[in-house]
Amino acid sequence: MNKKITEELKKILGQTALDDVQILEDGIDIDFQMEYIEFITRYHNEIESLSEDNCYNILQNNDCEYSINERKFALANIARRNTVKAYRAIEQFAKIANSEWKLNQWIKMALRECRSNLEFSLTGKRQVFVSTGLGSKNGKIRYFAVISALQGVKFSPTHQHLIKSELNYSAEKNDSEIEQLDFSESYVSVVILIPFGTEIRNVFMSCIEECNNLGKFLSDDYFVTNVKKYRPEEVEMIVNKANGKYPSEGLPSNTEND
């Protein structure tokens, strides 16, 4: 959970370093982030041995002369450098690169690595970047959450109004911002920005408890993640799993996930 992550970072970095943590706004698929890290680790020697001039040349061209793989190696090579020239080269390449999804994700990761190296060379301090699948905004991490009705309950207009009011109140109390709120027959999905270090449970349990004080109709279980937004059919599976309608194998867990 968010609080647990904060506490672990405090243990590792200390409070002073934790104050320098930067929350990255662009969301990048978690699996892809791992793929990038594995790539630069596995091919470290090959990346190091590439010609710097040749790598810059590859990034200055956006034609079919160079393969996607050659561009990935060039980006990884330039990203390890701690110069403004390197950072600007990747920035410029991002403007001329085609819209191929995987390459665009690669560019984002290369920019982050290069920025970290550049800031370290200028300040002498290694910056800590927090990156999630859903990204962030104004220092607040974006989450996707699902709150479900008790089994057999269908939301009435009164239920929906109450949930919206209490969730807005709870978000405001916790300095959080609701970006999207979608009601279904028996659940509500929420896209919400929550400050780094805030206990996620406080935001959702406050809403659930207040609603249930006025008439028991919400489940105490909720699902929250910062990895991705789930499609409606996936949310239905989560809700059905919570209600015991489906076996758990292969289904998302209805727990907090950071």
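**Exercise 1. A polar contact at the end of a strand**

Which backbone nitrogen lies 3.0 Å from a polar atom of the side chain of Thr225? Place Thr225 in its element and decide whether it is buried or exposed.

*Solution.* Keep in mind throughout that you are working with a predicted model.

- Step 1: Find the element. Thr225 belongs to strand S7, which covers residues 218–225.
- Step 2: Check the accessibility. Buried means under 20% relative accessible area. Thr225 has 0% relative accessibility, so it counts as buried.
- Step 3: Look for the partner. The backbone nitrogen is that of Val227, 3.0 Å from a polar atom of the Thr225 side chain.

**Exercise 2. Two helices, each with a buried side**

Compare the span of helices H2 and H6 with the expected values, then work out where their buried and exposed residues sit.

*Solution.* Let's take H2 to begin with.

- Step 1: Check the span. H2 runs over residues 30–42 and has 13 residues. From its first C-alpha to its last it reaches 18 Å, close to the 18 Å expected at 1.5 Å a residue.
- Step 2: List the buried residues of H2, which are Phe32, Gln33, Tyr36 and Phe39. They cover an arc of only 125° around the axis, so they lie on the same side of H2.
- Step 3: Turn to the face pointing away from that buried side. Here H2 carries the exposed residues Asp31, Glu38, Thr41 and Arg42.

Now repeat the steps for H6.

- Step 4: H6 (residues 84–96) has 13 residues, which should span 18 Å at 1.5 Å a residue. The end C-alpha atoms of H6 are 19 Å apart, in agreement with that expectation.
- Step 5: Buried in H6 are Ala86, Tyr87, Ala89, Ile90 and Phe93. Their arc around the axis is only 160°, which places them on the same side of H6.
- Step 6: On the face of H6 turned away from its buried side you will find the exposed residues Lys85 and Lys95.

**Exercise 3. Into the nonpolar cores**

Describe the largest nonpolar core, and follow the contacts of Leu59 and Phe93.

*Solution.*

- Step 1: Start with the core as a whole. The largest nonpolar core has 30 residues, and those with the most contacts inside it are Leu59, Leu75, Ile78, Ile90, Phe93 and Ile107.
- Step 2: Trace the elements. Two or more residues each come from H2, H4 (52–59), H5 (68–79), H6 and H7 (101–123). H7 supplies the largest share, 8 residues.
- Step 3: Zoom in on Leu59, which lies in helix H4. With 3% relative accessibility, Leu59 counts as buried. Setting aside neighbours within four places in sequence, Leu59 is in contact with Ala74, Leu75, Ile78, Ala89, Ile90, Phe93 and Ile96.
- Step 4: Do likewise for Phe93. Leaving out residues up to four places away in sequence, Phe93 touches Ile58, Leu59, Asn61, Arg71, Leu75, Leu103 and Ile107.
- Step 5: Look beyond this core. There is a second, separate core of 25 residues, and among its members are Ala145, Val188, Val190 and Tyr222.

**Exercise 4. Salt bridges across the sequence**

How many salt bridges are there? For three of the pairs, find the atoms' separation and the parts of the chain that are joined.

*Solution.*

- Step 1: The count comes to 11 salt bridges.
- Step 2: Take Glu48 and Arg80, whose closest N and O atoms are 2.6 Å apart. Glu48 sits in helix H3 (residues 44–49) and Arg80 in the loop between H5 and H6, so this pair links distant parts of the chain, 32 residues apart. Glu48 is partly exposed at 34% relative accessibility, and Arg80 is partly exposed at 30%.
- Step 3: Next come Glu179 and Arg142, with closest N and O atoms 2.7 Å apart. Glu179 is in strand S5 (residues 177–183) and Arg142 in strand S4 (residues 140–149), so the pair ties together parts 37 residues apart in sequence. Glu179 is partly exposed at 37% relative accessibility, whereas Arg142 is buried at 14%.
- Step 4: In the third pair, the side chains of Glu185 and Lys154 meet at 3.8 Å, N to O. Glu185 lies in the loop between S5 and S6, and Lys154 in the loop between S4 and H8, so parts 31 residues apart in sequence are tied together. Lys154 counts as exposed, at 55% relative accessibility.
- Step 5: Finish with a network. Lys228, Arg231, Glu233 and Glu234 are joined into one network by salt bridges that share partners.

Technical notes: Residues are numbered from 1 along each chain as its sequence is written. This is a predicted model: local features need pLDDT of at least 70, side-chain atom pairs count only at pLDDT 80 or more; totals for chains, interfaces and linings use all residues. Side-chain values use heavy atoms; hydrogens and water are left out. Helices (H or I, at least four residues) and strands (E, at least two) are DSSP runs, numbered from the N terminus. The expected span of a helix is 1.5 Å times one less than its number of residues. Buried means under 20% relative accessible area, exposed over 50%, partly exposed in between (1.4 Å probe, protein chains only). The arc is that of the directions from the helix axis to the C-beta atoms. A nonpolar core is a set of buried Ala, Val, Leu, Ile, Met, Phe, Trp, Tyr and Cys residues joined through side-chain atoms within 4.5 Å. Contact means heavy atoms within 4.5 Å. A polar contact is a pair of N or O atoms within 3.5 Å; within protein, one must be able to donate a hydrogen and the other to accept it, and residues adjacent in sequence count only if both atoms are side-chain atoms. A salt bridge is a side-chain nitrogen of Lys or Arg within 4 Å of a carboxyl oxygen of Asp or Glu.
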